[in-house]
Each structure stands twice: as C-alpha cells, then as structure tokens.
Amino acid sequence: MQTLAEKALLAVEKGELTIIPERFEKRTNIKDWCISRQLWRGHRIPVWYIVGKDCEEEYIVAKTAEEALMKARDKYGNALWPFSTLGWPDESAEDFKRFYPTTMLEIGYDILFLWVARMVMMGTEFTGTVPFSYVYLHSLIRDSEGRKMSKTLGNVIDPIDTIKEFGTDALRFTLALATAGQDLNLSTERLTANTAFTNKLWNAGKFVLQVLPNRDNVSGWQNIEACKFNTEGYLLRLPLPECWVVSKLHMLIDAVTESYNKFFFGDVGREIYDFFWGGFADWYIEASKARLYHSGDDSVALVAQTVIPYVFENILKLITFIHAIRN
C-alpha cells in the first residue's frame, strides 16, 4: 500500500495531478486498504485454493500468471474504472488511446481517499500515468443549519420542488456560487436572493430589446455593428458613462477568465453578480434612460443604444452556466 501511495503522492508533487482546492493535496496518513468490502454482494477476494491431496491449506492468486492478472482486475473494482472500461490491459485499444488519461474529475471531497486516491494509485501502477490531470472537489449541499440531509431528519430538499418554487436558473446560480471543498448550506434566503438576481437579469434583457432598432432599420443595425470597443483609442472617445461601463466590463472579462482558468467558479458568479447588479443594472441602465429619451442629441442616444446591448451580451456570455433565463 505504501509503495502505491508514494507514486500517487509523487504525481501530485510533480504537478502531474492538481487537486482543487489545494489544501486537500497533502494527504500522507496512508493506511492499509481492506480489499474485501465485507458486503454480501461485494467484490470477491481473488484467492483460489489448490485442489488436491495435502493441498487444502495452500492457495495462490490464480492458477496461471495470465489468469491472476485478469482476476486481479476484480480485486480493486472501481479503482480501475478510469482505464479498465477502455479496453485495458490492451493499451493499443482505440478507446484507451483516445480517452486515457482524461482532463478532469469532478467529485465530492468526502470520497477523495475512498475512491479518487485509489484510482490515482491504480492508474500510476498499471498504466504509468495518472488517470486525470485535475480533481475538482465540489461542495456538499447541506440544509440551512449545516446538517447533512437525511430522511430521518426530514430535511431533504427536493430539487424538483425547489425549481417549482424558485426557478431552475435561481437554483443553478445558487449552487454555482459554492466554493470548492466547502459545504453549501442551502436555504430559502439564498434561493430568494438569487431569484431576485435572475429576475433582474430578465428585466434587463427586456429593456435591451426595447433599446435595439427595429428589424427593418438597416442603418440602425449597421451603426451598432460598426462600433468596436476593443481599442483604447475608441474607448477614450466615448462619453464618460459609456467609457466607464465598458472599461469595467473589460476588467470583469479579465477577472472572470482568470477565475474560470483556476476553476474558481464561485468567484465567477460573485464577480458577475456585483458588476451586473451594481454597475450595469442599477447605475448605467438608469443613467442611460435620460440619454436615450431626453438628451435631444441623436449621437448621444446612439452611443447608449450601442453600449447597452454590447455590455449585456457579454454578461450573458460570461454567465453561461445559468443557461436560458425564463419568464
């Protein structure tokens, strides 16, 4: 067991395997692994007794080396899953060459040693490489008091009932705000707050549709499509409110991209939430209404008419994990 564990730990130290969050990487308290799960219908221990006179007490793993190898596959069951399902031990199998190793395993932190560590140990032992490059340990969902959900306590939150009451998007966004490796206490207060967020996103979308030109207004659409916000010179020529909101959007894109690359999905949601609610919806949209309808200057209105859909479209691109916002 110690030899298998050392190979797996070395893969982590060398950066071949990254566990997110990093605090779960330092697991050195390795204990022997009971290969018999002691279940009536569990894995059989791959031991065969030799049949014959005076041999009742003698046993071997298998009658032949080939049979021992095949029977040993049953011994560690789910630990071999990443590669045993792909044609292994034939490493020339098409599925094995195409899908092993994979990029990421997403799983709960509570079975990091019970399953994940064993898959890594078996992968390094039998294939010479780790089965995946990243392990993302998602949160465990608990009730509002931080208790594990169980039928005995009667605190199980049915996702179907939750969707009916708060909507699919609010539930998705609430779960997306969780931090890797930390429990999420799911409460009606959280869901209610995020329902308000998705409703505000929906209302902002309706406002954007009202701002856009009519379908048959070809020149209006051409003016919008002609605006490019990806150069500093163009931004500096914008009026101050538009320059501010577009600059903040670009900063948001950089921050969210970095968070996505680091798998900080909770940070992604919070960063988008703060900018959309405080910067775009509550400030710029309200400021743009006077510029659109009461400025008396078509050029000022055109700039606002161009900036509003640009910012909103990019917000939707960043927050794709919510998917469609429903009425």
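**Exercise 1. Arg 142 and its partner**

Classify Arg 142 as buried or exposed, then find which residue forms a salt bridge with Arg 142.

Solution.
- Step 1. Arg 142 has a relative accessible area of 18%. Buried means under 20% relative accessible area, exposed over 50%, and partly exposed in between, with a 1.4 Å probe and protein chains only. Arg 142 is therefore buried.
- Step 2. The partner is Asp 183, and the closest N and O atoms are 2.6 Å apart. A salt bridge here is a side-chain nitrogen of Lys or Arg within 4 Å of a carboxyl oxygen of Asp or Glu.
- Step 3. Asp 183 is partly exposed, at 35% relative accessible area.
- Step 4. Place the pair. Arg 142 sits in strand β6 (residues 141-142), and Asp 183 in the loop between α7 and β7 (184-185). They are 41 residues apart, so the pair links distant parts of the chain. Helices (H or I, at least four residues) and strands (E, at least two) are DSSP runs, numbered from the N terminus.

This is a predicted model: local features need pLDDT of at least 70, side-chain atom pairs count only at pLDDT 80 or more, and totals for chains, interfaces and linings use all residues. Residues are numbered from 1 along each chain as its sequence is written, and side-chain values use heavy atoms, with hydrogens and water left out.

**Exercise 2. More salt bridges**

State how many salt bridges the rule gives, then examine the pairs Asp 143 with Arg 147 and Lys 289 with Glu 286.

Solution.
- Step 1. The count comes to 11 salt bridges. Side chains of opposite charge can pair when their charged atoms come close.
- Step 2. Asp 143 and Arg 147 meet at 2.8 Å, N to O. Asp 143 is buried, at 4% relative accessible area. Arg 147 is partly exposed, at 33%.
- Step 3. Lys 289 and Glu 286 pair with their closest N and O atoms 3.2 Å apart. Both lie in helix α12, 3 residues apart, about one turn of the helix. Lys 289 is partly exposed, at 30% relative accessibility. Glu 286 is partly exposed too, at 44%.
- Step 4. Salt bridges that share partners join Asp 143, Glu 145 and Arg 147 into one network.

**Exercise 3. Packing of α7 and α8**

Describe how helices α7 and α8 pack, and which residues make the contact.

Solution.
- Step 1. Two packed helices are described by the angle between their axes and the distance between the axes.
- Step 2. Helix α7 (residues 168-176) and helix α8 (residues 188-211) pack at about 115 degrees, with axes 8 Å apart. Axes are lines fitted to C-alpha atoms over the stretch in contact, and angles run from 0 to 180 degrees between N-to-C directions.
- Step 3. From α7 come Asp 169, Ala 170, Leu 171, Phe 173 and Thr 174. From α8 come Arg 190, Leu 191, Asn 194, Thr 195, Phe 197 and Thr 198. Contact means heavy atoms within 4.5 Å.

**Exercise 4. Thr 306**

Locate Thr 306, decide whether it is buried or exposed, and identify what its side chain meets.

Solution.
- Step 1. Thr 306 is in helix α13 (residues 298-318).
- Step 2. Its relative accessibility is 3%, so Thr 306 counts as buried.
- Step 3. A polar atom of the Thr 306 side chain lies 2.8 Å from the backbone oxygen of Leu 302.
- Step 4. Leaving out residues up to four places away in sequence, Thr 306 touches Ile 224, Cys 227 and Phe 229.
- Step 5. Trp 221 is 85 residues from Thr 306 along the chain, and their C-alpha atoms are separated by 9.2 Å.

**Exercise 5. Backbone features**

Find where the cis peptide bonds at Pro 21 and Pro 101 lie, then assess phi at Phe 263 and Gly 167.

Solution.
- Step 1. The bond from Ile 20 to Pro 21 is cis, with omega near 0 degrees. Pro 21 is in the loop between β1 (18-20) and β2 (48-49).
- Step 2. The bond from Tyr 100 to Pro 101 is also cis, with omega near -5 degrees. Pro 101 is in the loop between α4 (94-99) and β4 (102-108).
- Step 3. Phe 263 has a positive phi, near 65 degrees, in a residue other than glycine. Phe 263 lies in the loop between α11 (240-261) and α12 (265-293). At 18% relative accessibility, Phe 263 counts as buried.
- Step 4. Gly 167 follows α6, and its phi is positive, near 100 degrees.

Notes: Polar contact = N/O pair within 3.5 Å; in protein donor to acceptor, adjacent residues only side chain to side chain.
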